[in-house]
Amino acid sequence: MALGIKIRKLETQKEYSMEELYEAIKDKTFTAGQPELTKHGVAMIITFPPIDRNNQIWISPGQMKKAPWSKFTVTKNEEAGMGNFAKNGALSLVTKGWSNMSGTFGKKAKTAEELVVTTYEELKELGL
């Protein structure tokens, strides 16, 4: 982990598109909450309910090739979604980055870091 960033690399036994991975996990119980397939910019990712604007658990492709993938990353990031993408960028610009500090420090950031590890472990237990 480096300054508020915690990443776990998940390797699956078979390859999945983001939609297929979502279908495989959507009915499972996770400590982080119910997973959701989310469009963020041009990418599709799997997200869990946000803790706050700067702390949300994401599952995203961990390879730089076209889908399907067998490697994914579980990480915390700011709240995903098309509307949030522009809003978070503008707020960060206006506040010169200070609005992002709760994503790096504090109780909610610590909770998100713990949920990255827990979510990764729960995904591993599924034997995907």
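Here are a few worked exercises on this structure, which is a predicted model.

**Exercise 1. Get your bearings**

Work out how many helices and strands the protein has, and in what order they come along the chain.

*Solution.* Start with the tally: the protein has 3 helices and 5 strands. Next, walk along from the N terminus, and you'll read β-α-β-β-β-β-α-α. For a feel of the whole, buried residues make up 41% of the 128 residues. The accessible surface is about 7400 Å², and carbon and sulfur atoms hold 56% of that.

**Exercise 2. Put the sheet together**

Find the order of the strands in the sheet, and say which strands sit at its edges.

*Solution.* Step one is the pair β2 and β3. Strand β2 covers residues 36-40 and strand β3 covers 43-47; they pair antiparallel over 5 bridges. You can check the register at H40, which stands opposite A43 in β3. There are 2 residues between the strands of this hairpin, and G41 has a positive phi near 65° there.

Step two goes from β3 to β4, residues 56-61. These strands run antiparallel too, joined by 2 bridges. Look for T47, whose bridge partner in β4 is W58.

Step three is the full picture: 5 strands make an open sheet in the order β1-β5-β4-β3-β2, with antiparallel pairing. The edges belong to β1 (7-16) and β2, each of which pairs on one side only. On average, neighbouring strands in this sheet are turned by 35° against each other, direction ignored.

**Exercise 3. Lay the helices on the strands**

Decide which strands α1 and α3 lie across, and at what angles they run to β3 and β5.

*Solution.* Take α1 (residues 18-25) to begin with. Helix α1 lies across β1, β2, β3, β4 and β5 (69-77), and runs at about 15° to β3. Now move on to α3 (residues 107-125). That helix lies across β1, β4 and β5, and runs at about 160° to β5.

**Exercise 4. Look inside the core**

Describe the largest nonpolar core and where its residues come from.

*Solution.* A bit of background: in soluble globular proteins, nonpolar side chains tend to be buried together. Here, the largest nonpolar core has 21 residues. The ones with the most contacts inside it are L21, I25, I57, I59, F72 and L123. Then ask who contributes: β1, α1, β4, β5 and α3 each supply at least two residues. Helix α3 gives the largest share, 5 residues.

Now zoom in on I57. Ignoring neighbours within four places in sequence, its contacts include I46, F48, V74, A112, L115 and V116. Finally, step back to the whole protein. Of the contacts with a separation of 6 or more, 60% are between residues 24 or more positions apart.

**Exercise 5. Track down a cis peptide bond**

Locate the cis bond between A67 and P68, and work out whether A67 is buried, partly exposed or exposed.

*Solution.* The peptide bond from A67 to P68 is cis, with omega near 5°. Place it on the chain: A67 is in the loop between β4 and β5, and P68 is in that loop as well. For the exposure, use the cut-offs: buried is under 20% relative accessible area, and exposed is over 50%. A67 has a relative accessible area of 40%, so A67 counts as partly exposed. One last check in space: A67 and M18 lie 49 residues apart in sequence, with 7.9 Å between their C-alpha atoms.

Note on methods:
Residues numbered from 1 in each chain as written. Predicted model: local features only at pLDDT ≥ 70, side-chain atom pairs only at ≥ 80, totals over all residues. Heavy atoms only, no water. Pairing = 2+ DSSP bridges. Helix = DSSP H or I, 4+ residues; strand = E, 2+ residues; numbered from the N terminus. Axes fitted to C-alpha atoms, helices over the stretch in contact; angles between N-to-C directions. Contact = heavy atoms within 4.5 Å. Core = buried A, V, L, I, M, F, W, Y, C linked by side-chain atoms within 4.5 Å. Buried < 20%, exposed > 50% of the residue type's maximum accessible area, 1.4 Å probe, protein only. Areas by Shrake-Rupley, 256 points an atom, 1.4 Å probe, with all protein chains shown as cover.
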